[in-house]
Amino acid sequence: MPNKVEEFNAYRSKMNEKLLAENNKLIKRIFNLDTNAYTAGALDVKTKELLGLVASAVLRCDDCVKYHLENSKKEGATKEEVMETLGIATLVGGTIVVPHLRRAYEFWEALEENNA
């Protein structure tokens with residue numbers, strides 16, 4: 001059975017390398033801004049990742065949801081924190097977010113299996 005987490009990370013890395021190899025200044029600046037936005041500041045990294053998870057779910061970006069789920073887990077977020085965060089995202093985004101909520105839960109389970 002394919003590993004969802006490894007597949008996602010391999011694809012993301014491969015395509016990011018290709019995009020950045022194009023040497024497009026705007027794309028590089030956007031990537032850099034995104035990276036720097038999630039560093040510790042007035043808010044800690046875990047809080048920022050959970051905020052990113054809400055925004056990504058509301059915007060219905062499954063790749064972004066996976067990215068923020070994985071980083072939230074790396075930063076020590078618990079299942080309860082993630083579920084509360086996804087609940088807020090569903091409240092804000094409405095029922096159209098529910099399919100993304102399902103896929104987020106499935107990916108969180110894969111993350112838990114990888115760390116078991």
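Where is the place of Asn23? I looked there first and found Asn23 in the loop between α1 and α2, the latter covering residues 25-37. A reminder to myself before going on: this is a predicted model.

**Entry: two loop residues**

I checked the backbone of Asn23 and read a phi near 60 degrees, a positive value in a residue other than glycine. Most residues other than glycine have a negative phi, so I made a note of this one. Is Asn23 buried or exposed? With a relative accessible area of 56%, Asn23 is exposed, because the cut-off for that class is over 50%.

Next I went to Arg60, which is found in the loop between α3 and α4. Arg60 is not a glycine either, and its phi is positive at about 60 degrees. Its relative accessibility is 40%, so Arg60 counts as partly exposed.

**Entry: the overall layout**

How many helices and strands does the protein have? I counted six helices and zero strands. Read from the N terminus, the order is simply α-α-α-α-α-α.

I then turned to the dimensions. The C-alpha trace spans about 40 × 40 × 30 Å along its principal axes. The radius of gyration is 15 Å, and a compact globule of 116 residues would have one near 13 Å, so the two agree.

For the contacts, I took those between residues at least 6 apart in sequence, and 62% of them join residues at least 24 apart. Of the 116 residues, 26% count as buried.

The surface came next. The accessible area comes to about 7,600 Å², and carbon and sulfur atoms hold 56% of it. I also tallied the charges: there are 16 positive and 18 negative side chains, with the centres of the two sets 7 Å apart.

**Entry: helix α4**

I spent some time on α4, which runs over residues 62-74 and has 13 residues. From its first C-alpha to its last it reaches 18 Å, close to the 18 Å expected at 1.5 Å a residue. Just after α4, Gly76 takes a positive phi of about 95 degrees.

Which residues of α4 are buried? My list reads Val65, His68, Leu69, Glu70, Asn71 and Ser72. I looked for what covers them, and the cover includes α1 (4-21), α3 (45-58), α5 (79-93) and α6 (98-114).

Glu70 made me stop, so I looked up its surroundings. It lies in helix α4, and its relative accessible area is 11%. Why does Glu70 count as buried? The cut-off is under 20%, and Glu70 falls below it at 11%. Leaving out residues up to four places away in sequence, Glu70 touches Val5, Phe8, Asn9 and Leu111.

**Entry: Ala104 and its neighbours**

My last stop was Ala104, in helix α6. Ala104 has 2% relative accessibility, so it counts as buried. What does Ala104 touch, not counting residues up to four places away in sequence? I found Val65, Leu69 and Leu86. Val65 and Leu69 are also among the buried residues of α4.

I checked one pair across the chain as well. Ala104 and Lys66 are 38 residues apart along the chain, and their C-alpha atoms are separated by 6.7 Å.

How values were computed
Residues are numbered from 1 along each chain as its sequence is written. This is a predicted model: local features need pLDDT of at least 70, side-chain atom pairs count only at pLDDT 80 or more; totals for chains, interfaces and linings use all residues. Side-chain values use heavy atoms; hydrogens and water are left out. Helices (H or I, at least four residues) and strands (E, at least two) are DSSP runs, numbered from the N terminus. The radius of gyration is taken over C-alpha atoms; the globule rule is 2.2 Å times the number of residues to the power 0.38. Buried means under 20% relative accessible area, exposed over 50%, partly exposed in between (1.4 Å probe, protein chains only). Contact means heavy atoms within 4.5 Å. Accessible areas come from the Shrake-Rupley method with a 1.4 Å probe; for residues, only the protein chains shown count as cover. Lys and Arg count as positive and Asp and Glu as negative; His and the chain ends are not counted. The place of a charge is taken as NZ of Lys, CZ of Arg, CG of Asp or CD of Glu. The expected span of a helix is 1.5 Å times one less than its number of residues.
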